[in-house]
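Thanks for coming, everyone. Let me put the structure up, and then I'll walk you through it.

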2 protein chains.
Amino acid sequence: MTSTESTRHRRRKEARPSELAAAALALFVEKGFAATRLDDVAARAGVSKGTLYLYFDSKEALFRAVIEDSVLPLIDAIEVKVAALKDDPVRLLRELLMEWWERFGSTLLGGTCKLMIAEAGNFPEVAAFFNEAVIGRWSTVLCGVIESGIEQGVFRPGSVETMRQLVFYPLLMQSVWQHSIAGCVAKRPMPENYFDTYFDFIFRGLLVAPEQEIQR
Amino acid sequence: MTSTESTRHRRRKEARPSELAAAALALFVEKGFAATRLDDVAARAGVSKGTLYLYFDSKEALFRAVIEDSVLPLIDAIEVKVAALKDDPVRLLRELLMEWWERFGSTLLGGTCKLMIAEAGNFPEVAAFFNEAVIGRWSTVLCGVIESGIEQGVFRPGSVETMRQLVFYPLLMQSVWQHSIAGCVAKRPMPENYFDTYFDFIFRGLLVAPEQEIQR
DNA sequence: GCTAACTAACTGACCGGCTAGTTAGTAAGT
DNA sequence: ACTTACTAACTAGCCGGTCAGTTAGTTAGC
């Protein structure tokens, strides 16, 4: 037995579920739910399809597990961060959005958004769960920051929900894009100063007095 | 033969392809490519699956046809409009975005974006075509308007491509959203004054002198 | 320490259902 | 009557899910 297949045939009950989930995440994101074969998932995790069924009841259960436990820890981490920086909405919003991008949007996890968008029609219950447990919590965080900015007189008053979308959707769309069509065409990378332009733009929309806040 | 099936068994060579394409569009948008059965497409168009194969060579050919000829006419129409309003970038951009929303984003056609996002990985050539023939042309139109605004000294200078994304992605994401997760949850409708907030926000990001332009 | 009896993680051949694609036949229109 | 749009029954093969059997690892007895 060579070293490269040292894990094959080995009994490793602890590691299997997460390895299978990781393999499934990658393939679901790449191909979508229906087009992903469980044989391929198992093969990518270095086991047989039978083993997969020792840990997951069905393809749909695997899907749920992938969505649930790949994403939830991230949301937990972000909610913690908010508590730390309460008084400075501008800086908090900026750091929150950058953190979302770095830890979620720009990684494989961003693909889960594309995946849910694509499969919501076929898995309404999973979509509802995702909507509540991920999107809802993240939206609440963002809205909270925006609202506190308004209350402090730093942001202009207005529909908080709409402002949340205007602030977040460019980033979300960027992530979704990277995980779909961007892979099929000669891609121009994100412009060097994308985030400068992005933050400049949204803070002009948000701030009461953009000129004095923005340049520092 | 009842009146409701009067078209059944009737020979209507002219009408079939577009009826089949319309049926396919609706089902593809709802279920995705892989999960849509051709029997269902044919049934929805009031014919049998065999008839479908008289007009389309394969499921993938049907997919291509749906994407291609449901979307291209719209882009044509929009490109014409731009020529008419050249001198007023603010009004032109506003009307362009509203028109995109009314004729595309808020209709079934908006679902094609979600569909392409979902299936790009499985149909790279179709995605490349869509990217060039639809996204590319539409982006060029938007970038042209923004650029002319900058040249006229009305919009602030900056990365045109990034500005295009910041302006358009909220609307695009809204459309994608409506065609996926929104259908699975108790949906709050779009806020009454969504577009007021939206235009206010993006023009603050774009304009050199927002205060004097915006209120009229 | 060595082996034998035991446990359970893992395998892969198999089955059944489902659906893309085919074709022999039917009937509408002329 | 002849053409051809259309139908419906069919086939082929793929894939989710199963299970009888295999083998890695563990414990007990000597």
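I'll start with the ground rules, then go from the whole chain to the DNA and on to single residues.

This is a predicted model, so local features need pLDDT of at least 70 and side-chain atom pairs count only at pLDDT 80 or more, while totals for chains, interfaces and linings use all residues. Residues are numbered from 1 along each chain as its sequence is written, chains are lettered from A and ligands numbered from 1 in the order in which they are written, and side-chain values use heavy atoms, with hydrogens and water left out.

Chain A to begin with. It has 10 helices and zero strands. Helices here are DSSP runs of H or I, at least four residues, and strands are runs of E, at least two, numbered from the N terminus. The C-alpha trace of chain A spans about 65 × 35 × 35 Å along its principal axes. Of its 216 residues, 52% count as buried. Buried means under 20% relative accessible area, exposed means over 50%, and partly exposed is in between, with a 1.4 Å probe and protein chains only. Now the contacts, meaning heavy atoms within 4.5 Å. In chain A, among contacts between residues at least 6 apart in sequence, 68% join residues at least 24 apart.

Next, two helices of chain A. How many residues of helix α6, residues 110-119, are buried? The count is 10 of the 10, so this helix is largely enclosed by the rest of the structure. Charged side chains are on that list too, including A:Lys114 and A:Glu119.

Helix α9 of chain A covers residues 194-206. Here 12 of the 13 residues are buried. Among them are A:Tyr194, A:Phe195, A:Asp200 and A:Arg204. What about its length? The expected span is 1.5 Å times one less than the number of residues. For α9 that gives 18 Å, and the end C-alpha atoms are 18 Å apart, which agrees.

Now DNA strand C. Which residues come nearest to it? Out of 22 around the strand, they are A:Arg16, A:Ser48, A:Thr51, A:Tyr55 and B:Lys49. Near means that a heavy atom of the residue lies within 4 Å. Sugar and phosphate account for 66% of the strand's atoms that come within 4 Å of the protein.

Some polar contacts, which are pairs of N or O atoms within 3.5 Å; within protein, one must be able to donate a hydrogen and the other to accept it, and residues adjacent in sequence count only if both atoms are side-chain atoms. A:Arg16 has a polar side-chain atom 2.6 Å from a phosphate oxygen of strand C. For A:Thr51, the distance from a side-chain N or O atom to a phosphate oxygen is 2.5 Å. B:Lys49 goes to a base instead: its side-chain N or O atom is 2.8 Å from a base oxygen. Two elements give two or more residues to this surface: α3 (49-55) of chain A and α3 (49-55) of chain B. The largest share, four residues, comes from α3 of chain A.

On to the inside. The largest nonpolar core has 158 residues. Such a core is a set of buried Ala, Val, Leu, Ile, Met, Phe, Trp, Tyr and Cys residues joined through side-chain atoms within 4.5 Å. B:Leu97 is one of those touching the most other members. Its contacts include B:Trp138, B:Phe168 and B:Tyr198, with residues up to four places away in sequence not counted.

A few single residues to finish. B:Val29 sits in helix α1 (residues 16-31) of chain B. It is buried, at 5% relative accessible area. B:Leu108 is 79 residues away in sequence, yet the two C-alpha atoms are 7.9 Å apart.

B:Ser70 is in helix α4 (residues 59-84) of chain B. At 16% it counts as buried. A polar atom of its side chain lies 2.7 Å from the backbone oxygen of B:Val66.

Last one: A:Val185, in the loop between α8 and α9 of chain A. Buried or partly exposed? Partly exposed, at 23%. Beyond its neighbours within four places in sequence, A:Val185 is in contact with B:Ala128 and B:Asn131.
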